[in-house]
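Good morning, and thank you for joining the group meeting. I should like to discuss contacts in the structure that will now appear on the screen.

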Number of protein chains: 2
Amino acid sequence: MREYVHLKFDEMPKFWYNALSDLPFNLDPPLDPETQQPTTPEKLLKIFPGPLLEQEINDVDRYIRIPEEVLKEYAVYRPTPLIRAVFLEEFLKTPAKIYYKYEGVSPTGSHKTNTALAQAYFNKISGTDILYTETGAGQWGSALSYAGIKYGLKVNVYMVRISYLQKPARKNLMNLFEGNVTPSPSKKTKVGRRYNDDHPGSLGIAISEAMEKALDKNNAKYSLGSVLNHVLLHQTVIGLEIKEQLKKLELNPDIIIACHGGGSNFGGTILPFVPEKLEGKNIRFIACEPESCPTLTKGEYRYDFGDTGGFTPMLKMYTLGKDFVPPSIHAGGLRYHGASPIVSALLNNNLIEAQSFSQEETFKAAKLFAKLEGIIPAPESAHAIAGAIKEALKAKEEKRDKVIVFTLSGHGLFDLPAYI
Amino acid sequence: MREYVHLKFDEMPKFWYNALSDLPFNLDPPLDPETQQPTTPEKLLKIFPGPLLEQEINDVDRYIRIPEEVLKEYAVYRPTPLIRAVFLEEFLKTPAKIYYKYEGVSPTGSHKTNTALAQAYFNKISGTDILYTETGAGQWGSALSYAGIKYGLKVNVYMVRISYLQKPARKNLMNLFEGNVTPSPSKKTKVGRRYNDDHPGSLGIAISEAMEKALDKNNAKYSLGSVLNHVLLHQTVIGLEIKEQLKKLELNPDIIIACHGGGSNFGGTILPFVPEKLEGKNIRFIACEPESCPTLTKGEYRYDFGDTGGFTPMLKMYTLGKDFVPPSIHAGGLRYHGASPIVSALLNNNLIEAQSFSQEETFKAAKLFAKLEGIIPAPESAHAIAGAIKEALKAKEEKRDKVIVFTLSGHGLFDLPAYI
């Protein structure tokens with residue numbers, strides 16, 4: 001029978017959890033690409049509003065209150081359900097108990113709104129009128145466009161050209177939510193004008209275009225959908241709700257899994273559980289990424305640029321190099337060459353594990369899940385399913401009824417052509 | 001704050017409600033188009049399996065048990081949530097309490113799986129190997145394909161050609177769930193061969209093709225997604241769950257609303273409440289349809305053919321005439337020229353009301369709902385939203401805190417181009 005753990009609105013977290021205050025090590029600071037010295041607040045304030053910059057560097061406060069205005073918008077779709085994958089368990093004949101946290105119920109279909117709404121709010125109260133951002137397949141652009149309506153900000157999205165042409169549904173979703181979408185590279189920026197009209201584009205170029213625009217106007221800022229500390233902070237609503245839901249089930253998690261692209265849904269999921277692990281509890285955190293963009297499993301842990309044009313601060317992170325161009329894979333949301341500095345540091349300190357999966361394995365997991373559980377997962381999220389299945393089969397071998405929890409970060413209704 | 005009324009699996013209805021046993025009038029029987037006499041069971045058994053035929057004519061049993069095998073598949077996504085539209089209420093500044101029953105959580109995104117699963121099951125146990133059906137924009141075809149996997153039946157779908165070309169996403173969904181899709185008119189049937197290769201197609205032609213195929217083989221049957229009594233029977237899970245959920249809220253509904261195309265989601269929603277109305281309770285049932293296909297508001301109540309080729313029994317229903325061709329509107333699911341005989345009889349006896357809405361009004365309602373409540377509705381379902389908004393504004397004028405419940409029959413993630 002379907003087990004479905006709901007939280008009432010009262011039980012929704014009213015605070016984000018700030019992992020920076022608990023990490024047993026210091027993070028290396030972002031560096032200014034021009035000086036190779038720690039980047040200055042003045043420079044960062046040109047692209048981020050004060051409150052978000054504060055959140056980026058605050059390593060003192062353990063919990064940061066979620067503003068009422070953000071809670072109200074979270075309430076449209078949160079708390080999200082924790083669902084027991086009974087049919088998957090049955091099929092795998094595993095003694096393990098598998099639960100998934102389903103973020104696909106969000107208005108734009110993925111966990112991205114958890115940070116888009118917060119970022120739009122903090123920008124609004126700081127006097128920002130326009131937000132610039134980039135998007136690959138469109139998940140992030142959709143989320144920020146939606147957030148823009150909620151708080152009355154204009155949202156301009158630079159969309160990687162090949163995705164702009166291949167994914168009209170996400171483009172339409174952005175337009176429905178009144179986002180302005182420009183295929184990148186475009187003629188609107190110096191960076192963009194370096195490329196031919198038919199260049200397929202890349203995330204690195206799109207980030208550079210969005211940042212160039214944001215730096216150009218006083219009332220415009222830039223917004224990033226993953227990687228940064230404040231983004232992971234916002235995403236901790238995921239892990240905090242999972243904690244509450246597991247409490248109701250009187251269960252302790254043995255393994256927590258999420259897919260990993262930039263680190264936002266993975267970080268949001270596991271960070272609230274890190275203190276327990278540091279206190280000695282036996283929990284494994286597994287980040288699942290594509291073999292074709294193996295940032296955590298094959299990258300180097302060093303400082304690197306965040307974009308092609310060199311506008312962004314350099315971050316200490318696992319990286320495949322800023323010029324890495326992943327093959328044309330479908331899991332568009334996991335194509336970034338770098339990773340969250342927090343997640344990277346945790347990996348470097350052996351507090352988390354990383355595993356990579358082939359596209360074949362991932363799609364197989366996605367189709368199986370769709371047929372058994374009735375939800376079509378996003379290709380990105382399907383990496384987590386592949387990881388969960390792997391651990392569930394291990395549990396079967398070991399004859400142990402482990403509790404496996406994974407975050408299903410989004411639905412794949414716009415990605416059907418990929419699955420066929 | 002978001003109110004979200006969930007039922008546990010235990011509280012899910014274990015029986016369908018059979019309105020035929022309670023209606024205060026007899027329905028006129030289906031007629032054989034060749035003889036214009038009541039159609040014989042033998043003829044009907046060529047297209048429907050015994051159990052479904054039984055359900056079609058049973059006017060004795062008040063409740064019909066849902067088989068365990070069907071309950072198990074319902075459990076993948078049911079019970080579905082009843083959600084209070086707090087943000088819509090706020091925006092409209094209405095004292096009314098608005099609740100929506102959200103069927104869009106189903107594996108194929110609409111209420112259609114409620115009957116697709118039941119029909120596939122009853123066909124399977126009756127020895128059917130292959131199901132033939134038609135589909136317009138693809139909602140029904142997707143649902144039946146999904147059901148086909150669950151019970152091990154081959155599903156062949158004749159899809160109206162213009163939709164086949166315009167809605168690749170739904171075609172992909174059918175393929176993901178292993179349905180075979182043929183654009184209609186096709187060269188595979190006598191009926192289809194009458195038309196040119198470039199004919200846009202219609203539901204009437206597609207039904208004829210599917211039926212011709214089903215009549216051709218002993219182990220093949222035909223499956224209809226709306227209109228018929230057994231379909232409405234299956235859909236009563238919607239209304240029965242709403243009853244339970246309203247009980248938990250200790251509320252009585254004043255107005256119950258649903259969109260109307262063939263009558264399945266409307267019937268499924270309101271039929272369980274009809275006995276209360278017959279006992280004197282003051283409840284209004286409002287069917288909302290498009291102005292461009294005004295079957296209930298402008299049709300004639302008489303016997304008519306169900307399809308172009310004259311294969312289907314003639315039904316006593318509100319109809320625009322079997323040759324009615326609606327203008328190219330986006331709400332593909334509401335284009336049928338006829339209506340459920342049960343719903344038609346209720347309308348003729350003034351037990352329900354019907355209202356029509358322009359496409360402009362409907363889309364406006366859809367976009368408003370998407371922005372406020374965070375769910376993108378199917379264009380069909382948006383007619384119900386338009387109806388609910390209309391009644392909520394009336395309640396504001398009358399200063400009355402009426403309880404308005406509507407069924408949101410599906411999500412519109414595949415219909416975004418229509419909204420732009």
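How many residues of chain A are in contact with chain B, and how many of chain B with chain A? Before I answer, please note that this is a predicted model. In that model, 35 residues of chain A touch 35 residues of chain B.

Let me stay with this interface. Chain A and chain B bury about 3100 Å² between them, and carbon and sulfur atoms give 71% of that area. There are four salt bridges between chain A and chain B. In one salt bridge, the side chain of K72(A) meets that of E90(B), with an N to O distance of 3.3 Å. Six residue pairs are in polar contact across the interface of the two chains, counting pairs in which both residues have pLDDT 80 or more.

Which elements of chain A each supply at least two residues of the side that touches chain B? They are α4 (86–92), α6 (139–151), α8 (168–176), α16 (359–373) and α18 (416–419). By class, this side of chain A has 22 nonpolar, five polar and eight charged residues.

I now turn to the contact inside chain A. This chain is divided into domain 1, comprising 3–12 + 66–110 + 236–419, and domain 2, comprising 19–58 + 111–222. Domain 1 gives 47 residues to the contact between them, and domain 2 gives 45 residues. The centres of the two domains, taken over C-alpha atoms, lie 22 Å apart.

What area do the two domains of chain A bury between them? The value is about 3900 Å², with 65% of it on carbon and sulfur atoms. On the side of domain 1, T108(A), F311(A) and F414(A) supply 17% of the area buried against domain 2, more than any other three residues.

As for polar interactions, four salt bridges are counted between domain 1 and domain 2 of chain A. K167(A) forms a salt bridge with D415(A), and their closest N and O atoms are 3.1 Å apart. The count of residue pairs in polar contact between these domains is 19, with both residues at pLDDT 80 or more.

Several elements give two or more residues to the side of domain 1 that touches domain 2, including α3 (68–74), α11 (229–249) and β13 (315–319) of chain A. That side of domain 1 consists of 24 nonpolar, 16 polar and seven charged residues.

Thank you for your attention.

Terms used: Residues numbered from 1 in each chain as written. Chains lettered and ligands numbered in written order. Predicted model: local features only at pLDDT ≥ 70, side-chain atom pairs only at ≥ 80, totals over all residues. Heavy atoms only, no water. Domains from an automatic or database assignment. Contact = heavy atoms within 4.5 Å. Buried area = accessible area lost by both parts, 1.4 Å probe. Polar contact = N/O pair within 3.5 Å; in protein donor to acceptor, adjacent residues only side chain to side chain. Helix = DSSP H or I, 4+ residues; strand = E, 2+ residues; numbered from the N terminus. Nonpolar A, V, L, I, M, F, W, Y, C, P; charged D, E, K, R; others polar.
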